[in-house]
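Here is a short tour for anyone who likes to read a model with the coordinates open. Have a look at the structure first, and then we can walk through it together.

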Protein chains: 2
Amino acid sequence: MTPGARPLKEPAAPPRRSDAERNRARLIAAGRTVLGRDGLNASMASVAREAGVGIATILRHFPAKEDLVAAVFSDRVDAYADAVAVALDDPDPWRGCVGYIEAACAMQAADHGFADVLTTTFPSAKEMEKRRGEAYEAMVRLIDRAKATGRLREDFDPSDLVLIHMANAGVVNATGEAAPDAWRRVVAPFVQSLEAPARGPLPASPEHDALYRAMLRAGPQGATSPKQREGD
Amino acid sequence: MTPGARPLKEPAAPPRRSDAERNRARLIAAGRTVLGRDGLNASMASVAREAGVGIATILRHFPAKEDLVAAVFSDRVDAYADAVAVALDDPDPWRGCVGYIEAACAMQAADHGFADVLTTTFPSAKEMEKRRGEAYEAMVRLIDRAKATGRLREDFDPSDLVLIHMANAGVVNATGEAAPDAWRRVVAPFVQSLEAPARGPLPASPEHDALYRAMLRAGPQGATSPKQREGD
């Protein structure tokens, strides 16, 4: 900057805090676009590029990709938790349970980044994990209620919801814009198979710890590695 | 090389063609390891590194990732086509059809690279696509046979097999070694839902062209882009 430019520029420059806030909002909007389009494996560098800021700026706001993911998807996680609450209010427990599965799968289809968020755990994103934990407990109640009516098969396990979301993410990510409703064709027969009486036994569910490790594993691998920090 | 070193080295050096063959075999073995572990999005550079050769060497043998994928998975595609033939030989068409779906999903679980190959089309890998096309035609016969017995629901479509493979790849890729049998818990209820009488209607299948575009889209994106060619 030339000395002469300073007096001209200073009055126009917004206070520093406001700059930071604007950048943060811009980064969250860019994260929504990029993670929604490319999934959680999108790099921090590509989000920074979309936002028109440097990699140093994004890392100042979100030191790890988990922090960005939590900021971008907090409203989706809230909507997801709300959907469980709505389902619990349905006077028909079976309809509530089935409707919830379809609604949650539709949320995945509407946002590919969120499709992966639903099957991934982010231990350091405390607030998001708290909301997810609450939603999970409500889901367990939803399932128990539907079983009590006799319409949901007895061997259905809450972990099956995680697995159908992994399956649905597979369809949604593979088909994308080319066949945006294809996922319904897989979720519908799955839901039909849930109605009692079951047509056959199911193989054992994965152990709780094993599924948790899988949900950790599905996270943005190497998100905070030096390579990702430096570029794309 | 110093002039004095030449007479010592020449007799030990194998003929050039043999070097090339050895490198090719090493690259295919490395491709099997890396694509099996990381899926089709693994970079050519990481395969070259695994093989202990430079990026120039891998590109001399396999100018595009499709070429490497075809070389690595040709035996898997053969095994897959053979599984359809075995299923067609089953005197019980329903058992043949269901057994085939489970066997093909198990092949995906055993090899994550192949999990994606099954739902991806590689237009330039002519021989592999020819085998896949033959397998597809055999599958259509398998499905027709099972419907003719009245045990397979009438609205089942051959494209549903592509979709269940996309769903299964989602589970297999997300759970991996953490929960290696979790996929069975999703495939089993899907298969149960296929038995007639159907418990409800299914949403429309995606159009043939839309699914084809999805299978193109699932391919190794940017596999032959300069970025992938230069590094990881």
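## Starting point: Ala45(A) and helix α3

Let's begin at Ala45(A), which sits in helix α3 of chain A. Please keep in mind that this is a predicted model. Is Ala45(A) buried or exposed? Neither label fits, because Ala45(A) has 17 C-beta neighbours inside 10 Å and so counts as partly exposed; a residue needs 20 or more to be buried. Measuring C-alpha to C-alpha, Ala56(A) is 9.5 Å from Ala45(A) in space, with their positions eleven residues apart in sequence.

Which residues of helix α3 of chain A, spanning residues 44–51, are buried? They are Met44(A), Val47(A), Ala48(A) and Ala51(A). These residues lie on the same side of α3(A), because the arc they cover around the axis is only 100°. Right after α3(A) comes Gly52(A), with a positive phi of about 75°.

## The fold of chain A

Stepping back, chain A contains twelve helices and zero strands. Read from the N terminus, its elements run α-α-α-α-α-α-α-α-α-α-α-α. Of the 232 residues in chain A, 42% are buried. If we take the contacts in chain A between residues at least 6 apart in sequence, 73% join residues at least 24 apart.

Another alanine to visit is Ala103(A), in helix α6 of chain A, which covers residues 93–110. Ala103(A) is partly exposed, because 15 other C-beta atoms lie within 10 Å. From Ala103(A) to Val84(A) the C-alpha to C-alpha distance is 9.4 Å, and the two are 19 residues apart in sequence.

## The nonpolar core

In soluble globular proteins, nonpolar side chains tend to be buried together. Here, the largest nonpolar core has 128 residues. Which of its members touch the most others? They are Val47(A), Val69(A) and Val171(A), together with Val47(B), Val69(B) and Val171(B). In chain B, this core draws at least three residues from each of domain 1 (16–63) and domain 2 (74–219). Val47(A) links back to the opening section, as one of the buried residues of α3 in chain A.

## Where the two chains meet

How many residues does each chain bring to the contact? Chain A gives 38 residues and chain B gives 38 residues. On the side of chain A that touches chain B, the elements giving two or more residues are α9 (158–175), α10 (184–193) and α11 (208–217). The largest share, eleven residues, comes from α9(A). Sorted by class, that side of chain A has 21 nonpolar, nine polar and eight charged residues.

The two chains can also be superposed: a turn of 180° with a shift of 0.0 Å along the axis lays chain A on chain B with an RMSD of 0.1 Å. The copies are therefore related as by a two-fold rotation axis. The same surface serves both copies, with 100% of the contact residues of chain A recurring in chain B.

## A cis proline in each chain

One backbone detail deserves a look in your viewer. In chain A, a cis peptide bond joins Ala196(A) and Pro197(A), with omega at about 0°. Pro197(A) belongs to the loop between α10 and α11 of chain A.

In chain B, Ala196(B) and Pro197(B) are likewise joined by a cis peptide bond, with omega at about 0°. Pro197(B) is found in the loop between α10 (184–193) and α11 (208–217) of chain B.

How values were computed: Residues are numbered from 1 along each chain as its sequence is written. Chains are lettered from A and ligands numbered from 1 in the order in which they are written. This is a predicted model: local features need pLDDT of at least 70, side-chain atom pairs count only at pLDDT 80 or more; totals for chains, interfaces and linings use all residues. Two residues are in contact if their C-beta atoms, placed from the backbone, lie within 7 Å. Helices (H or I, at least four residues) and strands (E, at least two) are DSSP runs, numbered from the N terminus. Ala, Val, Leu, Ile, Met, Phe, Trp, Tyr, Cys and Pro count as nonpolar, Asp, Glu, Lys and Arg as charged, and the others, Gly among them, as polar. Copies are superposed by least squares on the C-alpha atoms of residues with pLDDT of at least 70 in both. A residue is buried if 20 or more other C-beta atoms lie within 10 Å of its own, exposed if 12 or fewer, and partly exposed in between; C-beta atoms are placed from the backbone. The arc is that of the directions from the helix axis to the C-beta atoms. A nonpolar core is a set of buried Ala, Val, Leu, Ile, Met, Phe, Trp, Tyr and Cys residues joined through C-beta atoms within 7 Å. Domain bounds come from an automatic or database domain assignment.
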